[in-house]
Amino acid sequence: MTESTSRRTIDTIWRMESSKIIAGLTRMVRDIDLAEDLAQDALVIALRKWPETGIPDNPGAWLMATAKRRAIDMMRRNKIHDKKVEELSRSSDLFVVDESNDAGDGEIGDDLLRLIFMTCHPILSREARIALTLRLLGGLSTDEIAHAFLVAEPTIAQRIVRAKRTLREAHVEFEVPTGNDLKKRLETVLEVIYLLFNEGYAATSGTSWLRPVLCQEALRLGRILAEVAPAEPEVHGLVALMELQSSRFKTRVTSSGKPILLKDQNRAQWDHLLIRRGLAALERAQSLGRPFGPYSLQASISACHSVARSTEETNWVKIAALYEALSRVLPSPVVELNRAVAVAMAFGPEFGLQLVERLEEEASLKNYHLLPCVKGDLLEKLGRNEEARDAFRFAATLTRNEQEQQLLLRRAAECESTSEGGSV
Amino acid sequence: MRFMMIVKATKDSEAGLPPNPELFEAMMRYNEELAKAGVLIAADGLQPSSGAIRISYPDPGGKPTIIDGPFSEAKELIAGYTLIEVRSREEAIEWAMRMPDPHGFGEGQIELRQVYEGPELTDNPDLIADHAALMAELQKRTQS
């Protein structure tokens, strides 16, 4: 093994194992900052030793044991004589490299779960949760996180330092919340993961090669969460939603980067493996027998599209019903607008239009170009071309995206030519 | 990135013999480890080639020739595969190295191949606006 390959191999192992090691150490020392430092120490030792000794059979266990030894050394040096330390230094298993593969498997999962509840703690700002989760659970460097979010590296570094301090000062417990607390806290965890996913999925700007990494990282975290918290339907709902949306990655833009609408996508090119995984995750959510939350509902809507062979063969009645359910658990004008589209597809444009007109009074949608865009579309279908033209023109004034503006103006012009022709 | 770990066939797998209990358990444990790391996408075992057919096109543009199994050259046959999604080639190699020796008796062979994938970026303004609005809403609810 050459020096550079061994360095790369060690880095890889680090990436695969670091979150588990940090989680295990946090349980021991009750401080994620210290836990991360200790884990890093173990990495430094590995980088020194492994090129000579070769990589151990169970590198994760080796790193964990080494880090734990460092923890005990450090606590002894600092002469912290609390009971916990004495207990730790007495328990001999910490000094033995555990070679068995499945040692404390459940425990590792629990620690990971505790860690993600900590990095997604509501006491932290949304940005801090994201940065800390990527750092500690994703094993991403501050530099990589900065790249992915197009911000300066020191900003991210500072964000992480502050987040750790906040957690320490608030004496946040390293534990999985229970009862009512669990539901609320889980929402925050799922939100962080879905935000990551969308950040990567939407890729608002530029050429950042790390954007897809965010999507994959979110999907990976979701899949892990589904393994360590299998009894939570919304976890499976979120995984289902991400798997199903990911299944359309390749078909949603042209090679020149122009967006392709769902109805125009080549469904044969959807990733059917991911669709299958998404549907299976949704089934798991369902089998838990509790009412669907927002992620499971969104996933169910997405699933309706996934199993349909075309727009025409889509079960729009079901989608309309699902949007109605979604608007109850997640009341939002945007959800309502989507419901209007589904209702129009299911029962006819006039019914959709009624919902759209009601939404025009909604203050939060005043500058939302998709509202007049949908309205124009429905009016056009109803043959009310002049009103449709006005709606498209209005929509064009609300979007700053040039491609979209052109598309809307083109549609306005089409309405014009039809109405002048007097065909209606 | 996706990689496929292809497990090659052996005399036993071609005879339709199940793996011994220790190996079976090691495989289960390994798959569980893959799942818990969030990297497992799919894994399947294939039935012996005695039930297979082989379609070949010896003449360009001509009709295919169909041959019934079993096929003799076990090492060139596949007994199963595991599809993983990982962050780097090195990670795929690391996982492949951790897979238990699939058959023992000196016949075990695993092949690691990368899967072709298309570009994954978009700047779809609809999706961005949709998700941003939905997320803002979700955020509001989480805070309230």
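B:Tyr57 sits in the loop of chain B that links strand S3 (53–56) to strand S4 (65–68), strands here being DSSP runs of E with at least two residues and helices runs of H or I with at least four, numbered from the N terminus. This is a predicted model, where local features need pLDDT of at least 70, side-chain atom pairs count only at pLDDT 80 or more, and totals for chains, interfaces and linings use all residues. Residues are numbered from 1 along each chain as written, chains are lettered from A in the order written, and side-chain values use heavy atoms, without hydrogens and water.

Is B:Tyr57 buried or exposed? B:Tyr57 counts as exposed because its relative accessibility is 58%; the cut-offs are over 50% for exposed and under 20% for buried, with partly exposed in between (1.4 Å probe, protein chains only).

Let's look at chain B as a whole. Its elements run β-α-α-β-β-β-β-α-β-α from the N terminus on.

| Chain B | Value |
|---|---|
| Helices and strands | four helices and six strands |
| Buried residues | 42% of the 144 residues |
| Accessible surface (Shrake-Rupley, 1.4 Å probe) | about 8,200 Å² |
| Share of carbon and sulfur atoms in that surface | 57% |

Now to the interior. The largest nonpolar core (buried Ala, Val, Leu, Ile, Met, Phe, Trp, Tyr and Cys joined through side-chain atoms within 4.5 Å) has 126 residues, and A:Ile193 and A:Leu225 have the most contacts inside it. Helix H9 (residues 179–202) of chain A gives the most to this core, with 11 residues. A second, separate core holds 18 residues, including B:Phe3 and B:Met99.
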